[in-house]
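The following paragraphs lead through parts of one structure, strand by strand and helix by helix. Please keep the sequence and the model at hand while reading.

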Amino acid sequence: MHKFAVLKNIQPQPELVRENIKKNPGFGLYFTDHMAHVRYTIDDGWQAHQVKPYAPLQLDPAAAVFHYAQEIFEGLKAYRHADGSVWTFRPDRNAARINRSAERLALPQLPEEDFIESLRALVRVDQEWVPTPGEDADESSLYLRPFMIASERFLGVRASHEVDYYVIACPAGPYFAGGIKPVSIWLSQSLKRAGHGGTGFAKCGGNYAASLVAQNEAAAQGCQQVLFTDADENKYIEELGGMNLMLVTRDGRLLTPELSDSILDGVTRRSLLDLAPQLGLEPEERRITIDEWREGAANGDIVEAFACGTAAVITPIGRIVGPDFTIDHGEEPGERAMEFRKTLLDIQYGRVEDTNNWLVRLA
Ligand code: COI
């Protein structure tokens, strides 16, 4: 007996429409026929585990999420292997992270097995939506978006007594329209996404809301992403608008900002640090100043930079644009970035043995 009851969509998208979407899905544009849902109340806990037709939600205008932003989310992907089976990558880390986010946002803890079963239940029903990748560089997948919202109708400022958890899914190609072409990054000067004691480590919508004006500034400068520095001293690099950041040194180190309460503990970030020795690189997590990066790029000590995240996989960084300086890493994707990309995708798509036991079968 599956924990999630299935209520089938009697009007699924026609096969032709679905197949066309899968050929050119973009990112976050088209959604599958179903969604997973679990309801929470303070008296009864989590209940009514269900997969049901994808549809707009009915929420009271006074639902807490609209007013005080009690919302968290996750991002994972489902990968189709050559034998047709469908897998996801390290979902235990997302399950643990959604609970760290929940704790910070005063939302209830979701049992890890419910989190993973919600992914499995949805993908089982919508498995025809999982794209089949073409050549090895193809990163087509089904992006899974679990999220939790405060749905109680109450305008007092306190933690909601009613919460809803959903998982929706969309076929996904590359997050950046240009594919794996190096991206330009705007260094945000005065705008911050997170400070100490705040919610930076949590995957809550509010952090992303706080990044959007800076993201607009970036776009106005012709850049695809924004880089945030720390709120206290404005000199340590932290993360990008929606992904972590990695540098490669000439002497063989993989450098990334160490975790703090203002940096998201990315699953791709962690995995690249874990994989680094296999690629002959020594992982190093510590505080890194923008000046160190600037000087290192100029004198050849820092040879590559790339962004990493579930959505973005690994995207080389070509340029950092500051208010009065530019860091230039060139127009071509870095060699190490491409090696990491291949190593990671080969594991995720089952083209090499999963020696770390990172994959979990969904369908
Ligand atoms: C991810 O899933 O990688 C995210 O962080 C979410 C968003 C940037 C698309």
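In this predicted model, a good place to begin is L76, which stands opposite L144 in strand β7. That pair belongs to the pairing of strand β5 (residues 76-80) with β7, where three bridges join the two strands and the direction is antiparallel. Strand β7 itself covers residues 141-150. Nine of its 10 residues are buried, so β7 is largely enclosed by the rest of the structure. A residue is called buried here when its relative accessible area is under 20%.

Which other strands pair with β7? Strand β4 (residues 71-73) is one of them: three bridges join β4 to β7, and the two run antiparallel. Within that pairing, F73 stands opposite F147 of β7. Another partner is β8, joined to β7 by 10 bridges, again in the antiparallel sense. Here I149 is found opposite D164 in β8.

Strand β8 (residues 162-172) leads on to strand β2, since the two pair in the antiparallel sense over six bridges. In β8, V163 is the residue opposite Y40. Strand β2 spans residues 34-41, and seven of its eight residues are buried, so β2 too is largely enclosed by the rest of the structure. β2 also pairs with strand β3 (residues 45-53), in the antiparallel sense and over seven bridges. R39 has Q47 of β3 as its bridge partner. The connection from β2 to β3 is a hairpin of three residues.

The next stop is a pair of helices. Helix α3 (residues 91-104) and helix α4 (residues 112-125) have axes that come within 9 Å and cross at roughly 125°. Is this arrangement oblique or roughly perpendicular? The class roughly perpendicular takes angles of 65 to 115 degrees, and the angle between these two axes makes α3 oblique to α4. The crossing of α3 past α4 is right-handed. On the α3 side, the contact is made by P91, D92, N94, A95, A96 and I98, while α4 supplies E112, F115, I116 and L119. By class, the residues of this contact are seven nonpolar, one polar and two charged.

Further along the chain is another group of strands, with β13 (residues 253-257) as the one to follow. Four of the five residues of β13 are buried, and the strand is mostly covered. Strand β12 (residues 244-249) and β13 run antiparallel and are joined by two bridges. V248 stands opposite L254 of β13. The two strands form a hairpin with three residues between them, and G252 in the turn has a positive phi of about 85°. With strand β14 (residues 282-286), β13 pairs in the parallel sense, over five bridges. In that pairing P257 is opposite R286 in β14.

The last part concerns helix α6 (residues 267-275) and its packing against helix α8 (residues 335-348), with axes 11 Å apart and an angle of about 105° between them. That angle makes α6 roughly perpendicular to α8. The contact involves T268, S271, L272 and L275 of α6, together with F340, T343, L344 and I347 of α8. Sorted by class, this contact has five nonpolar, three polar and no charged residues.

How much of α6 is buried? Eight of its nine residues are, so to speak, under cover: the helix is mostly covered. The buried residues are V267, T268, R269, R270, S271, L272, L273 and L275. R269 in α6 may be taken as an example. R269 counts as buried because its relative accessibility is 1%, and the cut-off for buried is under 20%. What does R269 touch, leaving aside residues up to four places away in sequence? Its contacts are N244, M246, T256, P257, E258, L259, L264, E285 and C308. Several names in that list lead back to strands already visited: N244 and M246 fall in β12, which covers residues 244-249. T256 and P257 fall in β13, residues 253-257, and E285 falls in β14, residues 282-286.

How values were computed
Residues are numbered from 1 along each chain as its sequence is written. This is a predicted model: local features need pLDDT of at least 70, side-chain atom pairs count only at pLDDT 80 or more; totals for chains, interfaces and linings use all residues. Side-chain values use heavy atoms; hydrogens and water are left out. Buried means under 20% relative accessible area, exposed over 50%, partly exposed in between (1.4 Å probe, protein chains only). Two strands pair if DSSP finds at least two bridges between them. Axes are lines fitted to C-alpha atoms, for helices over the stretch in contact, and angles run from 0 to 180 degrees between N-to-C directions. Angles under 35 degrees count as roughly parallel, over 145 as roughly antiparallel, 65 to 115 as roughly perpendicular and the rest as oblique. A crossing is left-handed if the near helix is turned anticlockwise from the far one by less than a right angle, and right-handed if clockwise. Contact means heavy atoms within 4.5 Å. Ala, Val, Leu, Ile, Met, Phe, Trp, Tyr, Cys and Pro count as nonpolar, Asp, Glu, Lys and Arg as charged, and the others, Gly among them, as polar.
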